[in-house]
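Me: I'm new to this one. Could you walk me through it, one question at a time?

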Amino acid sequence: MISDLYPDTATETALRAKNVNVYYGKTLAVRDVSLDIPKHRVTAFIGPSGCGKSTLLRCFNRLNDLIPNARIQGKLTYQGVDLYARNTDPVAVRHRIGMVFQKPNPFPKSIFDNVAFGLRLNGYTGNLDQIVETSLRSAALWNEVKDKLHQSGLSLSGGQQQRLCIARTIAVEPDVILMDEPCSALDPISALWIEKLIHELKQRFTIVIVTHNMQQASRVSDYTAFFNVESTAKGDRYGTLVEYNHTQTIFNLPKQQATQEYISGRFG
Ligand SMILES: Nc1ncnc2c1ncn2[C@@H]1O[C@H](COP(=O)(O)OP(=O)(O)OP(=O)(O)O)[C@@H](O)[C@H]1O
């Protein structure tokens with residue numbers, strides 16, 4: 001599917017949101033978002049707190065299904081397939097579209113078992129040793145852990161734990177990796193490691209990253225979507241997509257004043 005919702009028509013679309021509203025109970029949290037996420041690129045979601053970046057991100061792998069009062073209107077597709085169709089299995093969706101969270105969350109298991117977890121869950125019968133090694137290599141962690149694969153994942157540093165979580169996500173071979181502020185709990189050096197890793201991973205995966213860090217967004221992403229909080233006359237607040245473009249354009253020549261103010265640090 002070639003996109004008409006972002007400017008690079010040479011790139012194929014992986015994910016599409018069309019007129020998406022998200023409610024928590026009766027409260028509108030995200031209003032009328034339409035955007036296409038290109039394949040094998042890094043797309044950053046930026047914007048002030050509460051503008052719905054994480055809410056929208058979670059729509060793409062149906063994680064909002066797990067929030068009892070969350071309700072989604074509009075259409076979300078992955079390679080043209082309706083993510084919310086009756087016959088779409090949310091477990092299969094999360095298999096194709098993996099997620100890395102803000103706080104590294106390894107299981108209280110060995111490093112090896114953390115990476116092998118999803119494969120075992122899927123009944124994988126092939127060579128686990130090989131996939132664990134490849135996944136740890138892809139997550140730039142192999143050299144640091146190859147001699148202690150049977151130590152607990154929790155014994156690693158925060159930055160290593162986050163790379164372990166990335167290895168765990170990669171092991172089941174998703175197409176898309178959603179990252180919700182993956183560096184915000186890490187020290188600056190570990191954060192740079194993850195950024196470097198993101199550059200490498202985009203050769204194989206489509207990546208969407210929520211970040212509060214403007215420099216990070218400008219360093220790692222090809223496209224940037226800027227969201228903002230708007231309010232109704234009654235004072236209800238909801239998030240909207242203000243501007244979506246090549247990252248270079250968003251940071252150097254944004255079309256909207258709100259984008260300009262946000263990226264120059266004047267609000268948010
Ligand atoms: N589980 C939930 N139940 C009710 N309201 C929620 C829930 N999660 C988020 N919200 C509300 O939805 C709105 C958007 O929140 P969301 O976390 O998606 O924004 P965000 O841009 O990711 O914020 P931040 O940058 O602070 O993480 C906020 O008003 C928030 O309070």
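Me: Which helix gives the largest share of the shell around the ligand?
Reply: Happy to help, and note that this is a predicted model. The shell around the ligand includes K53, S54 and T55. Three residues of the shell come from one helix, covering residues 53–59, and this is the largest share. That helix is α1.

Me: How many residues of that shell around the ligand are charged?
Reply: Besides the ones just named, the ligand is surrounded by Y24, A29, G47, S49, G50, C51, G52, I67 and G239. Four residues of the shell are nonpolar and seven are polar. The number of charged ones is one.

Me: Are helices α4 and α6 parallel or oblique to each other?
Reply: Two packed helices are described by the angle between their axes and the distance between the axes. Here α4 (residues 128–138) packs with α6 (residues 158–171) at about 130°, and the axes are 8 Å apart. The crossing of α4 past α6 is right-handed. At that angle the two are therefore oblique.

Me: What kinds of residues make the contact of α4 with α6, and how many are nonpolar?
Reply: On the α4 side you'll find I131, V132, S135, L136 and S138, which meet A167, I170 and A171 in α6. Two residues of this contact are polar and no charged ones take part. The nonpolar count is six.

Me: How far apart are the end C-alpha atoms of residues 15–254?
Reply: UniProt, in an unreviewed entry, places the feature "domain: ABC transporter" at these residues, 15–254. The span is 34% helix and 30% strand. Its end C-alpha atoms lie apart by 23 Å.

Terms used:
Residues numbered from 1 in each chain as written. Predicted model: local features only at pLDDT ≥ 70, side-chain atom pairs only at ≥ 80, totals over all residues. Near = placed C-beta within 6 Å. Helix = DSSP H or I, 4+ residues; strand = E, 2+ residues; numbered from the N terminus. Nonpolar A, V, L, I, M, F, W, Y, C, P; charged D, E, K, R; others polar. Axes fitted to C-alpha atoms, helices over the stretch in contact; angles between N-to-C directions. Parallel < 35°, antiparallel > 145°, perpendicular 65-115°, else oblique. Left-handed = near helix turned anticlockwise from the far one by under 90°. Contact = placed C-beta atoms within 7 Å. UniProt positions renumbered as here; feature names shortened; annotations may be inferred.
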